[in-house]
Amino acid sequence: MKWKFIDTHCHVHFQAYKEDMDAIVQRSLDAGVGMITVGTQSTTSKNGIDLAARFDGVWCTIGLHPNHLHAQDFVDEEELPSSLHVKTRAERFDWDYYAELAKHPKVVAIGELGLDYYRVPPGVDIEQLKREQKDQAAEQLRFATSVDKPVVIHCRDAHADQAELLREEIERGGLQRRGVIHCFTGTAEEAAVYAELGFYVSFTGIVTFGKNVMAAAKEVPLEQIMIETDSPYLTPAPNRGKRNEPRFVEQVAQKIADLKGISVEEVARVTTANAKRLFRLA
């Protein structure tokens, strides 16, 4: 099938879908939506491969999210329904473990990895947190270089430091395939910095209700944009508060089309081509 849309970042293998995972995936595929399901630590990276291996039109990534460096248990009312919560355990990046996972043909990128200064676990010093996150992100950037994969970057309240980490790895000859800044919530000026480094930026359902994100999406060239849902999080308007799913990526595309004064078909064509190019999707 020719995929009309590619949801470049979802977590359809997470526990939020444990009762109907295959049905959610199939419903999106039937709607012409291919998807990349994203790992956030050792077990979800392995589980993402297992799901992707069972479906044409589903690919996956492997990596360690910055929020998994410390054990946490929280509900983020801005990101997901109050009936869902996030529970993490403390991990560090295991190079040998991920090197084995990276051999699977459905693994198309490394991540999500990066910096998140928004959520500081209780009892953790912010400067210590920043040092640990930078160290673990830099190691994963080097890993992506070693396995010749693009990266999927998670960045929250840390764009200057994140751009500097990417620049350092590029200057040492790494990240030849570059990557994408997932769930972009920065400014058009911050997006331009990433563009200069050769990165795409990806918009979620926040673009349907967040005025600052709308302003950025309007200014960022379509050739630099990807679209995603971040399912089960960040459901687009008018369905906020409900569990998200990959087929809703069309609503993200429609909002970007409205902001730019172009057709949703044009957004679909360009963003799908962008995704296929970066991730080398068959």
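User: Contact means heavy atoms within 4.5 Å. With that in hand, what does Phe 279 touch?
Analyst: This is a predicted model. In it, Phe 279 touches Thr 8, Ile 36, Val 108, Ala 109, Pro 150, Val 152, Arg 177, Val 180 and Met 226. Residues up to four places away in sequence are not counted.

User: Which residues have the most contacts inside the largest nonpolar core?
Analyst: Phe 279 is one of them. The others are Val 151, Leu 166, Tyr 194, Phe 199 and Phe 203. The core itself has 89 residues.

User: Which helix gives the most to this core?
Analyst: Helix α9, residues 264–279, with seven residues.

User: On to the sheet. In what order do the strands run?
Analyst: The order is β1-β2-β3-β6-β7-β8-β9-β10. That makes eight strands in an open sheet, and the pairing is parallel.

User: Which strands stand at the edges?
Analyst: β1 and β10, the latter at 225–227. Each has a single partner strand, so one side of each is left without a neighbour in the sheet.

User: And what does the twist average?
Analyst: From one strand to the next, the average is 30 degrees.

User: Back to β1. How many of its residues are buried?
Analyst: Six of six, across residues 5–10. The strand is mostly covered.

User: How many bridges does β1 make with β2?
Analyst: Four, in the parallel sense, with β2 spanning residues 33–38. Within that pairing, Cys 10 of β1 stands opposite Thr 37 in β2. The chain gets from β1 to β2 through helix α1, residues 21–30, and this β-α-β crossover is right-handed.

User: Other end of the sheet. How many bridges join β9 and β10?
Analyst: Three, again in the parallel sense. Strand β9 covers residues 200–203. Its Ser 202 has Met 226 of β10 as bridge partner. Met 226 is also on the list of residues that Phe 279 touches.

User: What lies across β6 and β7?
Analyst: Helix α4, residues 126–147, lies across β6 (107–116) and β7 (151–156). It runs at about 160 degrees to β6. Helix α5, residues 159–171, lies across β6, β7 and β8 (179–182). Its angle to β7 is about 155 degrees.

User: Backbone oddities now. Where is the peptide bond with omega near 20 degrees?
Analyst: Between Gly 111 and Glu 112, and the bond is cis. Glu 112 sits in strand β6. Another cis bond joins Ala 237 and Pro 238, with omega about 10 degrees. Pro 238 lies in the loop between β10 and α8 (249–260).

User: What is phi at Asp 148?
Analyst: Near 55 degrees, a positive value in a residue other than glycine. Asp 148 is in the loop between α4 and β7.

User: And phi at Leu 175, what is that?
Analyst: About 50 degrees, positive although Leu 175 is not a glycine. This residue is in the loop between α5 and β8.

User: Is Leu 175 buried or exposed?
Analyst: Buried, with a relative accessible area of 1%. Asp 148 is partly exposed, at 40%.

User: Aromatics next. How many pairs are there?
Analyst: Six aromatic pairs. In one, the ring centres of Tyr 97 and Tyr 98 are 5.3 Å apart. The planes are at 85 degrees, so the pair is edge-to-face.

User: Why edge-to-face?
Analyst: Because planes over 60 degrees apart count as edge-to-face.

User: How accessible are Tyr 97 and Tyr 98?
Analyst: Tyr 97 is partly exposed, with a relative accessible area of 31%. Tyr 98 is at 1% and counts as buried.

User: What about the rings of Phe 184 and Tyr 194?
Analyst: Their centres are 6.4 Å apart and their planes at 90 degrees, so that pair is edge-to-face too. It links distant parts of the chain, ten residues apart. Phe 184 is in the loop between β8 and α6 (188–196), while Tyr 194 is in helix α6. Phe 184 and Tyr 194 are buried.

User: Last one. Which residues do ring pairs link into a cluster?
Analyst: Phe 93, Trp 95, Tyr 97, Tyr 98 and Phe 143.

Conventions: Residues are numbered from 1 along each chain as its sequence is written. This is a predicted model: local features need pLDDT of at least 70, side-chain atom pairs count only at pLDDT 80 or more; totals for chains, interfaces and linings use all residues. Side-chain values use heavy atoms; hydrogens and water are left out. Buried means under 20% relative accessible area, exposed over 50%, partly exposed in between (1.4 Å probe, protein chains only). Helices (H or I, at least four residues) and strands (E, at least two) are DSSP runs, numbered from the N terminus. Two strands pair if DSSP finds at least two bridges between them. A crossover is right-handed if, with the strands pointing away from the viewer, the path from the first strand over the helix to the second runs clockwise. Axes are lines fitted to C-alpha atoms, for helices over the stretch in contact, and angles run from 0 to 180 degrees between N-to-C directions. A nonpolar core is a set of buried Ala, Val, Leu, Ile, Met, Phe, Trp, Tyr and Cys residues joined through side-chain atoms within 4.5 Å. Rings of Phe, Tyr and Trp (its six-membered ring) pair if their centres lie within 6.5 Å; planes under 30 degrees apart count as stacked, over 60 as edge-to-face and the rest as tilted.
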